[in-house]
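Visitor: I'd like a close look at just one part of this model. Could you pick a strand and walk me through its surroundings?

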Amino acid sequence: MMARAGQYSDPHDADDDKTAQAAFAALLEDSAEDLYESAPCGYLSTLMDGTIAKINSTLLGWLGLARSDVVGRLRFTDLLTVGGKLYHETHFAPLLRMQGQISGIALEIKQAGGGRMPVLVSSVVKHGTTGEPLLIRTTVFDARDRRAYEEELLRRQQSAEEARRQAEADRARLQDTFAVLQQSLLPDTLPELPGAEAAAHYHTASPDRLGGDFYDVFPLDGKRFGFFLGDVCGKGPQAAALTSLTRYTLRAAALHDPDPVSALTTLNKVLHERYSAGGDPRYCTAVFGTIDPDPDAGRLTVHLASGGHPPAVVLRADGTAAYLPTPGGLLVGVLPAAPFTDASTTLGPGDTLLLYTDGLTEARTGKDRTSLYGDEALLAFAATQAGRPPHAVIEALGGLLTGFGDGLDDDTALLAIGVPSSDDQTSEDRTSSTR
Amino acid sequence: MNALKMSTRDTASGPVLEVAGDLDYLNAGQFRDLLPTITVRPGQRLVVDLGALDFCDSSGITALIAAHHHAQSGGGQLVLAAVPANTLRILSIVGLDQVLTIHPDSEVATGA
């Protein structure tokens, strides 16, 4: 600072200049001895065998030793911790002998109070006029701050590691929760239907997103069965909550009154009551129906109603396919009172009823998102499968969905219920659900 | 993908909201956010003119339902005008064509 002041002072201001030069000179009068003793680092000179010949006050202060205890009595290695000694023997000394100098080695010195102090040590060998090594000059820098910094880094690293482990554990737990919830939204298996078969398929658009489509088949009263399939609005956890409410409301409503229009009306009341207040309308589309099997006659009667859902397709044994229209049925949960439209059909051997969500008919078949697979294409495809048993129809449609690739960006549920024709092989997996 | 553009104007029969572009999962929030700023008085019609609508998905349908609720809560009525064929098809599948009032164009809808 003083040197700078002298250097930059105005040359025309002679008095100031003189004062600055005097201060600078005062600095230069500082004795070399004092500079050595009170330097901000430790100085140490040893004989080639390590015996300490000279040591400065700074280092003595760190060690907590008197000069008389050290000079001529201790070797450099006596100042070091056990680990430091070892490192000195194996690395420090050999390298110093080889290179004539070594710098920035991290060691620890023992302090009189029993403490240890991290230091950075540099040494250089002084040679005589004939080149023989005379002594070793060593500087010792206080590395306590640096060590604290390194320990802090280590601590940070350890806590980051701990946080990562915690996050992984959390994620695993979430995945477990997620899987259990996902299972609660879809049935594991479909029940055995006397003289009939049910098969289902669920396509998840995104594996980490809880589905918004749902279906189920379940016994009603020992003779009849209930079934439903639908699609809730929205995506993510809110949609999953809505799916759950919808699914369990329909099952409970059906036990109370299995009439399809009644079941949907109950669901409508529940959803409207639950969601209309918030100004955030939530609703679903659904087909609910009952199956009344008559195994002796080899047929079953289906009675269903639709709320805002695309019409079911009936595939007949004779190779034809047709929609079972349910026009005018409203989205479920939108209005306090909603109209639902019902329809009935009888399925004989080789006939299959197909329910689907609009992921299928709305799948993109071109780059433009208005080029959709559509109702007519579905009906044409269904006709190619007409006469085949439900599991075969579902398998073929599953292949169709796979073929859409990226064009299928919505969840899609498929449910087929039918009476296998007598020449169909009965199979173990006829009522299995494929996911 | 098209951006959603909306403009409102007032007529004798009530506010008219013109919607152009895509009313979809990404944009429907804008529509929903705009609704509270539109005042519908008792007996008025809130006309939503969909003449320039390119695309409407289920989120768009939800937005239209929210508009229906908004008009009703003000004592008025929602009227959809100039609904494109593909959107009309969806409205018909979900049964809303039976519930909402739909007019071929906004002039008829506003009674002008």
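Guide: Happy to. Let's start with a right-handed β-α-β unit in chain B, made of β3(B), helix α2 (residues 58-73) and β4(B). Keep in mind that this is a predicted model. The strand to follow is β4(B), which covers residues 77-81.

Take the β3(B) side to begin with. Strand β3 of chain B spans residues 45-56, and it runs parallel to β4(B), with 5 bridges joining the two. If you want a spot to zoom in on, go to Leu46(B): facing it in β4(B) is Leu78(B).

Now for β5(B), a short stretch at residues 101-103 of chain B. Here too the pairing with β4(B) is parallel, and 3 bridges hold the register. Val79(B) is a handy marker, with Thr101(B) as its bridge partner in β5(B). To get from β4(B) over to β5(B), the chain passes through helix α3 (residues 85-93) of chain B, and this β-α-β crossover is right-handed as well.

So what does that leave of β4(B) at the surface? Of its 5 residues, 4 are buried, so the strand is mostly covered, with buried meaning under 20% relative accessible area.

For a wider backdrop, hop over to chain A, which has 12 helices and 16 strands. There, 44% of the 435 residues count as buried. Among chain A contacts with a separation of 6 or more, 61% come from residues 24 or more positions apart.

Key
Residues are numbered from 1 along each chain as its sequence is written. Chains are lettered from A and ligands numbered from 1 in the order in which they are written. This is a predicted model: local features need pLDDT of at least 70, side-chain atom pairs count only at pLDDT 80 or more; totals for chains, interfaces and linings use all residues. Side-chain values use heavy atoms; hydrogens and water are left out. Buried means under 20% relative accessible area, exposed over 50%, partly exposed in between (1.4 Å probe, protein chains only). Contact means heavy atoms within 4.5 Å. Two strands pair if DSSP finds at least two bridges between them. A crossover is right-handed if, with the strands pointing away from the viewer, the path from the first strand over the helix to the second runs clockwise.
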